[in-house]
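Student: Please take a close look with me at one pair of helices and how they meet. Afterwards, I would like to set that pair beside some other parts of the chain.

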Amino acid sequence: MSNSTEAKGPAPRHLGDTPHHAGILALAALVMVVTAVLLQAGPMRAAMVFASGLLGLGAAVSLMVSLRRKAAQMRAVSLLRRMFEDASDLTFVSNPEGQIIYANQAAMETGMGARDTMVDALSDQMLDAEGKVRDMIASCLSDGRCEEELSLRETMMRLTVKALEFGVLLWSIQRTSPVADAQHSGGAPRLPMLTVGRSGTVLFMNPAARHLLGERKKTIADVFGPDVQDLRSATVVHTSNGEQQCLVAEFEATAGRREIYLLPTEVPVMRDGAVQFDELPVALLKVNPAGDVLLANRAARSLVNMEISSKSFIGDLMEGLGRSIVDWLMEAAQGKAVNQSEFLRLKRDDKEVIVQVSLNRVVEGGETSLIAVLSDATELKSLEAQFVQSQKMQAIGQLAGGVAHDFNNLLTAISGHCDLLLLRHDQGDADYADLIQINQNANRAAALVGQLLAFSRKQNLRPEVLDLRNTLADLTHLLNRLVGERVALTLNNDPVLPAIRADKRQLEQVLMNLVVNARDAMPDGGEIRVTTESVELDAPLERDRVIVPVGNYVSVTVADQGIGIAQDKLQKVFEPFFTTKKTGEGTGLGLSTAYGIVKQTGGYIFVDSSEGVGTTFTLMFPAHGAAAEQVAAPELGKRPDLPEVQHSGVVLLVEDEAPVRSFATRALKMRGFTVLEAASGEEALDVLDADHPQIDVFVSDVIMPGMDGPSWVRLARENYPNVPVIFVSGYAEDSFSDDQARIENSSFLPKPFSLSDLTEAVHARISSA
């Protein structure tokens, strides 16, 4: 067998020499002898007998050859059985026509060995099995051997056919590896892949292709349609669920086959190279120059959220251009405003949506139309509005702080000179009542300035440790009077509530503002609930673009059952001069003041509201100890009714505002102090350098043209290291607390201050030196 299994030609070519040739020659000799005998009986009779003998001889020889070939084939099959019965490869023996004579155990286990022919055995594993078997048999009979790599279902296989002696073919199917495109690690399908023959027959589809197409396709036309000639231009495949857009890649394989890979995409289906208008993921409107909507794709209809028909006008869908939309469209149709985007507001009832609209001019059949590309710019415009609002708030805050500073200087001069006049008048004088009115109105003006400083977060706070339960208890009587009889005020306190550090007077003002607003939101009456609670944050709280850090807090909520606030106005309630009340019923400074006070205290304020349900304001203050400790400023605002006491000492007064400097100088001199005046920090240093006077205390404004208060004091301390300092300012102490902290033995006196405030502060600093 070793010499016959590698035969180079068809099996019949190797059956010429056999050990039975001698028997055939003996039979031929016998025929010749019989013929010679018959010739004596006559020529005609002899010829007939001879022909019959030849025919019988031929039949006998043919039968003998057939029997011997069959016996040889059986011996060969028996030998092959012993060789390949337990082999792992699928092994078949067939005749030259492809009829299966033998199949080993591995082939039988797959079910392929039970078939009658090789065509039947391979028909379940590959398309066009008949043509493949026919081609391989022809090649094998011609060359003695044929071998090919095939993709059979999920496995790559090597199919080998050899021509053996006695007219048998040995078929071997060897599993090599999983199809590379069938699966990747983890077993999930990879790229869909098809193998196509020369005639366009689909020979193989991997699992991913079968999953994509939903069914087995027989020809390439079933996959791409009958009109596709060049697969490089194919973009759509026909699946059991309809058409699917795909990217197509084609590669040449062996024996004229092609491997085609499909990559499904989310791009909408194309027709004749054009993507369908309705399927585009971008919101598009097609309008004529008059503004009539000709087409609106699915994305545009979803964004606009309004019924769009052939009678729709673009001006009915959006607004806010600031001029006629038709004029804008006409300019774009004439090529004057193409690619210039505009921001418009959709006329939706459910929510506010801002769209950025870009117009593109198209000409079809001599008719000009416009394609409007709509992009949702709500978030962008919201961020822009927030940035602009932040810039505006910062500018207004700086303006309010500057105005408040100047007002405090004026009020200091007014109230100070009023105090000087009151020293020369008693209650029996005719002018005394007028002076009291001036003094009281100056104090009211000072309270208004305090509101401006609260908004700008530059007011002078006097923080102290507070128990909110006590603060609210003291305030309840006043709050009940504020809300009236038709509104019920309910107070709920957490029994275990940490203390906070805040300015009690300012905190009371915040609570009164919130309660008054809640009352005004319930014209028909209702309930206002004020609730305190201890809150512990284990994770940062993020809301309203603010992050509240981890820690312990005390929260105060003021909730009403009023008309609520519209969502588009909710983020504007803390703006200065913004109010939802009628003209003359509110200034718009209440919530902005509360916002400034809470922020300056180190707390947070949030608002939640639903129209028709009510509004809830939530204040959160760091529990005492969680925030940085603050030192309470001395109570300097009260005017103690003390007898006039003469003092002594030298004061260097530095103040750029002449009326304030004049009042302070007269007030100090009246109490017995010696006063040296300077209008600026530079002038103060000149006074010290010129005469080197003995100074007991420096009294200096903080903000001045040129050198400010802390700067000149630091230079003066080189020669006067132990002189105490009193800083005065119309701004809050926090605005320069860092500079003051670096100057030892200094204190702060806020403007406006009274005569007693100033003289007592100077006396206290001199006495403590």
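Tutor: What follows begins with the whole chain, turns to the pair, and then moves on to other places.

This is a predicted model, in which local features need pLDDT of at least 70 and side-chain atom pairs count only at pLDDT 80 or more, while totals for chains, interfaces and linings use all residues. Residues are numbered from 1 along each chain as its sequence is written, and side-chain values use heavy atoms, with hydrogens and water left out.

The protein chain holds 21 helices and 32 strands (DSSP runs, numbered from the N terminus, where a helix is H or I with at least four residues and a strand is E with at least two). Of its 769 residues, 42% count as buried (under 20% relative accessible area, with exposed meaning over 50% and partly exposed in between, for a 1.4 Å probe and protein chains only). Among contacts in the protein chain with a separation of 6 or more, 56% join residues that are 24 or more positions apart (a contact means heavy atoms within 4.5 Å).

Now to the pair itself, H13 and H14. Two packed helices are described by the angle between their axes and the distance between the axes. Helix H13 covers residues 468-483, and helix H14 covers residues 504-520. Their axes come within 10 Å and cross at roughly 40° (axes are lines fitted to C-alpha atoms, for helices over the stretch in contact, and angles between N-to-C directions run from 0 to 180 degrees). H13 and H14 are therefore oblique to each other, since angles under 35 degrees count as roughly parallel, over 145 as roughly antiparallel, 65 to 115 as roughly perpendicular and the rest as oblique. The crossing of H13 and H14 is right-handed, meaning that the near helix is turned clockwise from the far one, whereas in a left-handed crossing it is turned anticlockwise by less than a right angle.

On the H13 side, the residues that make the contact include Leu468, Thr471, Leu472, Leu475, Leu478, Leu479 and Leu482, and on the H14 side they include Lys504, Leu507, Glu508, Leu511 and Val515. The residues of the contact of H13 with H14 divide into 12 nonpolar, 1 polar and 4 charged (Ala, Val, Leu, Ile, Met, Phe, Trp, Tyr, Cys and Pro count as nonpolar, Asp, Glu, Lys and Arg as charged, and the others, Gly among them, as polar). An α-helix has 3.6 residues a turn, so residues three or four places apart point the same way.

Thr471 deserves its own look within H13. With a relative accessible area of 3%, Thr471 is buried, and, leaving aside its neighbours within four places in sequence, Thr471 is in contact with Leu466, Lys504 and Glu508.

A second pair can be set beside this one. The axes of helix H18 (residues 681-691) and helix H19 (residues 709-716) come within 9 Å and cross at roughly 20°, and H18 and H19 are therefore roughly parallel to each other. The crossing of H18 and H19 is right-handed as well. Here Gly681, Ala684, Leu685 and Leu688 in H18 meet Trp712, Leu715 and Ala716 in H19, and the residues of this contact divide into 6 nonpolar, 1 polar and no charged.

Further along the chain is helix H21 (residues 755-768), whose 14 residues reach 20 Å from first C-alpha to last, close to the 20 Å expected at 1.5 Å a residue (the expected span is 1.5 Å times one less than the number of residues). Leu755, Leu758, Val762 and Ile766 are among the buried residues of H21. The loop between strand S32 (746-750) and H21 holds Pro752, and the peptide bond from Lys751 to Pro752 is cis, with omega near -5°.

Most residues other than glycine have a negative phi, and most peptide bonds are trans. Asn745, which is not a glycine, has a positive phi of about 55°; Asn745 lies in the loop between helix H20 (737-741) and S32, and is partly exposed at a relative accessible area of 36%. Asn305 likewise has a positive phi, near 60°, and its place is in the loop between helix H8 (298-304) and helix H9 (314-317).
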